[in-house]
Amino acid sequence: SGLGRGETIRGVRFLGDVGYVVTFRQTDPLYTVDLSDPTAPAVTGELKMLGYSAYLHPIGDGRLLGIGQDATEQGRSTGTQVALYDVRDPAAPVRVAQAVLPQSSTEAEWDPHAFLWWPQTSLAAVPVTAYDTSFSGLVGFGVDAEGASITEVGRVSHPAQPGGPDVGVGI
């Protein structure tokens, strides 16, 4: 019924009777969808912000982590973002924290296996390639869902290999 008309779907997550859909053109609407009646899904909430989350990961107690890109008001991507959403009230989703790595991208946007959530320590691990600093590797983020914060806690660099990543690999 017109959900995100003219926009591209960037991320979807189904959790029980609730679905989360992220679309993007210039802003990132995060829609919450009531799926309790599969024959009549209904949008119950919407949150608009700059950028988008291509991967949504539940971290418990009505919270989602979103991995994607921050963007300008014109829709130009500016770098990797890790966002914390409070979705306990499906009618009023809220982004409560965000960390941005400028001029970068992450494989977690298109490969969910590239993302790691370690619930025992509330650590999110995200592979990142930064274009302005030539960093390529893993960035760890501490996520405090109650305190509504995301903090970079460390990096492990992956040095570039001559000849590309598949040199010497046989199938």
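Select Ile-9 to begin: this residue is exposed, with a relative accessible area of 57%, where exposed means over 50%, buried under 20% and partly exposed in between, using a 1.4 Å probe and protein chains only. What you have open is a predicted model, in which local features need pLDDT of at least 70 and side-chain atom pairs count only at pLDDT 80 or more, while totals for chains, interfaces and linings use all residues. Residues are numbered from 1 along each chain as its sequence is written, and side-chain values use heavy atoms, with hydrogens and water left out.

Ile-9 lies in strand 1 (residues 8-15); strands here are DSSP runs of E with at least two residues, numbered from the N terminus. Add Val-12 and Phe-14 to the selection, and together with Ile-9 they make a nonpolar surface patch of about 320 Å². Such a patch is made of residues with over 30% relative accessible area and no salt bridge, its nonpolar side chains (Val, Leu, Ile, Met, Phe, Trp, Tyr) being joined within 5 Å; a salt bridge is a side-chain nitrogen of Lys or Arg within 4 Å of a carboxyl oxygen of Asp or Glu.

Next, select strand 7 (residues 77-86), which is largely enclosed by the rest of the structure, because eight of its ten residues are buried. Strand 6 (residues 63-71) runs antiparallel to strand 7 and is joined to it by nine bridges, two strands being paired if DSSP finds at least two bridges between them. These two strands form a hairpin with five residues between them, and in the turn Gly-75 has a positive phi of about 90°. On the other pairing, strand 7 meets strand 8 (residues 94-102) in the antiparallel sense over eight bridges. Pick Val-82 in strand 7: Ile-67 stands opposite it, and its bridge partner in strand 8 is Ala-99.

Now move to Met-49, in the loop between strand 4 (42-47) and strand 5 (52-60), which is buried, with a relative accessible area of 8%.

Which residues should you select for the aromatic pair? Tyr-55 and Phe-115 form one that is tilted, 5.3 Å centre to centre with 55° between the planes; rings of Phe, Tyr and Trp (its six-membered ring) pair if their centres lie within 6.5 Å, and planes under 30 degrees apart count as stacked, over 60 as edge-to-face and the rest as tilted. Tyr-55 lies in strand 5 and Phe-115 in the loop between strand 9 (104-105) and strand 10 (116-118), so the pair ties together parts that are 60 residues apart in sequence.

How values were computed: Patch = residues over 30% accessible without salt bridge, like charges linked within 9 Å, V, L, I, M, F, W, Y side chains within 5 Å. Areas by Shrake-Rupley, 256 points an atom, 1.4 Å probe, with all protein chains shown as cover. Helix = DSSP H or I, 4+ residues; strand = E, 2+ residues; numbered from the N terminus.
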